[in-house]
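Here are a few short exercises to work through with the model open beside you. Try each one before you read its solution.

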Amino acid sequence: MAVSARTRKSARLQRLEAAINYPIDWLEERSGLVGGLRYFLFRKVPGDSNWFHTLGSATLTAFLVQATTGVILAMYYKPEPKTAYASIQHITNDVTLGWLVRGMHKWGASVFIILLFFHMARVFLFGAYKYPRELNWIVGVLLLVMGMAEGFTGYLLPWDQTSYWATVVGINLNGTVPFLGPYIAQFLRGGAEIGPDTLARFYSIHMLLIPGAIFALIGLHLYLVVRLGVSSPPWSKEAAGADWVEEQVTTNGRSGLTQPAARSSWRRNGGDAE
Amino acid sequence: MSAIDERRSQFKKYKEDVKDRGKPFYPYAMFHDTVMSLVVVGVIVGLASVWFYTSGENPDTCGGKDSCLLGPRYSEPADPGTTNFVPRPDWYFYFLFYLLRIFKWPDSVILGTVGIPTILLIIAFALPFLDIRSERRLSRRPVAVVAAILVVISMGELTYKGAVAKEALASEVVAAVPQWAQREGFANDPKAVAGANVFAEGGCTSCHTYLGTGGGNLGAPDLSAEGSKGKGVQGLESYVADPSKFGNTVMPKFGAFASIPAKDAQGKDLGISQLRVLAIFLDASKGPK
Ligand code: HEM
């Protein structure tokens, strides 16, 4: 009896499994996405990766918070000098949980920038910008510039005194660039004065142009991370691909120095090293 | 073996090492990432809550009823007419903001606005090509470590100074007006005194200094002796109305003052615009007697 119950159950389980697997297999057969996800999840990372390596994904999380809260804000925000300030007040004081959405967007921006710098610092300290990851560093610097540009364009949107006068000065400073300055300032203002056109322009740049670029750059950034792998901490005794791990073994004791250490970095000119 | 070959073989070894000794991203690294991401979201929600619950609906409740630990919800609505407001960017631009105090207009201010930021950016982009050794250990990268420490200290210092930079409050500046009138000798000219008040309230001192009061921001010159440069009331008026016509693209335009009637200390209409009295005040500023 017990046996038959178990077999009946397992038959049901099998059917359930098949029901779950069917759409997955369907998707995999037509797109290969499932295999891609599996590759992403089960790829190996160096055994000594640590908390420092979480700064990149923390930055990503902060960006996703900005994207999500930004979309919600855009549903209530009215990018016109006459209405912008009132709509910001309305969001903060009246809309259900509007204060939370606006507060998260406002403070998330600072957290995002701080995490960008922390992540960059860890990449720098780990020497992780070196071959073959140069390109990913450059993509990263672009992301940093984009992040700061988001801060500059978003600052104007509440259309209060703080944002207005900071932007007046910010645009004027852009105007001091040799030769191009006046054109940059003119472009940013969308005219001779800061007004409705400036606000519309900043809003468009802030919610469409730069976020689009950031999404694309993050895609490229993560592609390169998965393709090239992340660097072990340089102080690790078991750092992946590190010649100093061997060095430590071979240079332990005097005789070590004279032993041929195949990959040691000071022997790069030794013609017969390999 | 050439340098690039060596780096290639090193990377090959890296890939092999990770394959042999690495751990799968899921669940190990993913666990750390998830914990960290939750912390990030928690911090953001925490900041938003403190900001909201310590501030009030009115922009000016701060300091009174509300502590505004993290600042007000918003400041007063934007008003291109009054500049009684200290232009201040978000904190991550403070270092640039402060750089502009170090360089003096007009000779070197461009170093602060364009020069140094551009150089920093070029170095950031070029870093992987400037530092091409494969060495990653900090103890063997003395130049990189020293450079990093210098960058962190100077950015931190500039950000800090930008944050605490003393801004003259309009009320303090207004209180200094009688003393200005005394020292500059225009106390008997009600138009010049009215102009001095517009100057004090209009936010000019967030950039300019006048007899020691004011910001000294963005390379704006001291105006205590502006009247001795021979520009005349007319010249000063058109300058302040639209400085960009005179090659000054940093200072905002104050043309809006032309349509606001000026009043004297008793509130009597002087029959001319605020822009005019401002120019009269500047013209009367021949330097302290
Ligand atoms: C939106 C901004 C960014 C996001 C979402 C992001 C995300 C990530 C993630 C998830 C990783 C995997 C390893 C880790 O977490 O440390 C990574 C690695 C990396 N990031 Fe970023 N990053 C951003 C900005 C930057 C910036 C500003 C730089 C430097 C200028 C940079 C340079 C790098 C490099 C070189 C690696 C490879 C590290 C290694 O091999 O160990 N990234 N990034």
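A residue counts as near a molecule if one of its heavy atoms lies within 4 Å of it. Keep in mind that this is a predicted model.

**Exercise 1. The shell around the ligand**

Find which residues come nearest to the ligand, and work out how the shell is made up by class.

Solution.
- Step 1: Collect the residues around the ligand; there are 26, and A:H53, A:H119, A:R122, A:H221 and A:S231 come nearest.
- Step 2: Sort the shell by class, which gives 14 nonpolar, ten polar and two charged residues.
- Step 3: Look for the elements that supply at least two residues each: these are helix 3 (54-76), helix 5, helix 6 (134-156) and helix 9 of chain A.
- Step 4: Check the polar atoms. A backbone N or O atom of A:H53 lies 2.6 Å from a ligand oxygen, and a polar backbone atom of A:G229 is 3.5 Å from an oxygen atom of the ligand. For A:H221, an N or O atom of the side chain is 2.7 Å from a nitrogen atom of the ligand.

**Exercise 2. The iron atom**

Identify the residues that coordinate the iron atom of the ligand, and explain why the arrangement is called octahedral.

Solution.
- Step 1: Read off the protein donors: NE2 of A:H119 and NE2 of A:H221 coordinate the iron at 1.9 to 2.1 Å.
- Step 2: Place the two residues in the sequence. A:H119 belongs to helix 5 (residues 98-125) of chain A and A:H221 to helix 9 (residues 196-228) of chain A, so the pair ties together parts that are 102 residues apart in sequence.
- Step 3: Recall the ideal: six octahedral donors have angles of 90 or 180 degrees.
- Step 4: Compare with the model, where the six donor atoms around the iron subtend angles of 87 to 179 degrees, which makes the arrangement octahedral.
- Step 5: Decide whether the histidines are buried, using the cut-off of under 20% relative accessible area. A:H119 has 18% relative accessibility and so counts as buried; A:H221, with 14%, is buried as well.

**Exercise 3. Backbone exceptions**

Locate the cis peptide bond in chain A that ends at A:P132, and the positive phi values of A:W159 and B:C68.

Solution.
- Step 1: Start from the usual case: most peptide bonds are trans, and most residues other than glycine have a negative phi.
- Step 2: Take the cis bonds. One joins A:Y131 and A:P132, with omega about 0 degrees, and A:P132 sits in the loop between helix 5 and helix 6 of chain A. Another runs from B:Y26 to B:P27, with omega near 5 degrees; B:P27 is in helix 2 (residues 25-53) of chain B.
- Step 3: Take the phi values. A:W159 has phi near 55 degrees and is found in the loop between helix 6 and helix 7 (161-174) of chain A. B:C68 has phi near 50 degrees and is placed in the loop between helix 2 and helix 3 (94-102) of chain B.
- Step 4: Check burial. At 7% relative accessibility, A:W159 is buried, and B:C68, at 9%, is buried too.

**Exercise 4. The largest nonpolar core**

Name the residues with the most contacts inside the largest nonpolar core, and say which helix gives the most to this core.

Solution.
- Step 1: The core has 33 residues, and B:W180, B:F186, B:F199, B:Y210 and B:F281 have the most contacts inside it.
- Step 2: Two or more residues each come from helix 6 (170-184), helix 7 (190-201), helix 8 (232-241) and helix 9 (274-284) of chain B.
- Step 3: Helix 9 of chain B gives the most, with eight residues.

Notes
Residues are numbered from 1 along each chain as its sequence is written. Chains are lettered from A and ligands numbered from 1 in the order in which they are written. This is a predicted model: local features need pLDDT of at least 70, side-chain atom pairs count only at pLDDT 80 or more; totals for chains, interfaces and linings use all residues. Side-chain values use heavy atoms; hydrogens and water are left out. Donors are N, O and S atoms within 2.8 Å of the metal (3.2 Å for Na, K and Ca); water is not among the atoms, so sites may look incomplete. Four donors count as tetrahedral if all angles lie between 85 and 135 degrees; four count as square planar and six as octahedral if opposite donors are over 155 degrees apart and all others between 65 and 115; anything else is irregular. Helices (H or I, at least four residues) and strands (E, at least two) are DSSP runs, numbered from the N terminus. Buried means under 20% relative accessible area, exposed over 50%, partly exposed in between (1.4 Å probe, protein chains only). A polar contact is a pair of N or O atoms within 3.5 Å; within protein, one must be able to donate a hydrogen and the other to accept it, and residues adjacent in sequence count only if both atoms are side-chain atoms. Ala, Val, Leu, Ile, Met, Phe, Trp, Tyr, Cys and Pro count as nonpolar, Asp, Glu, Lys and Arg as charged, and the others, Gly among them, as polar. A nonpolar core is a set of buried Ala, Val, Leu, Ile, Met, Phe, Trp, Tyr and Cys residues joined through side-chain atoms within 4.5 Å.
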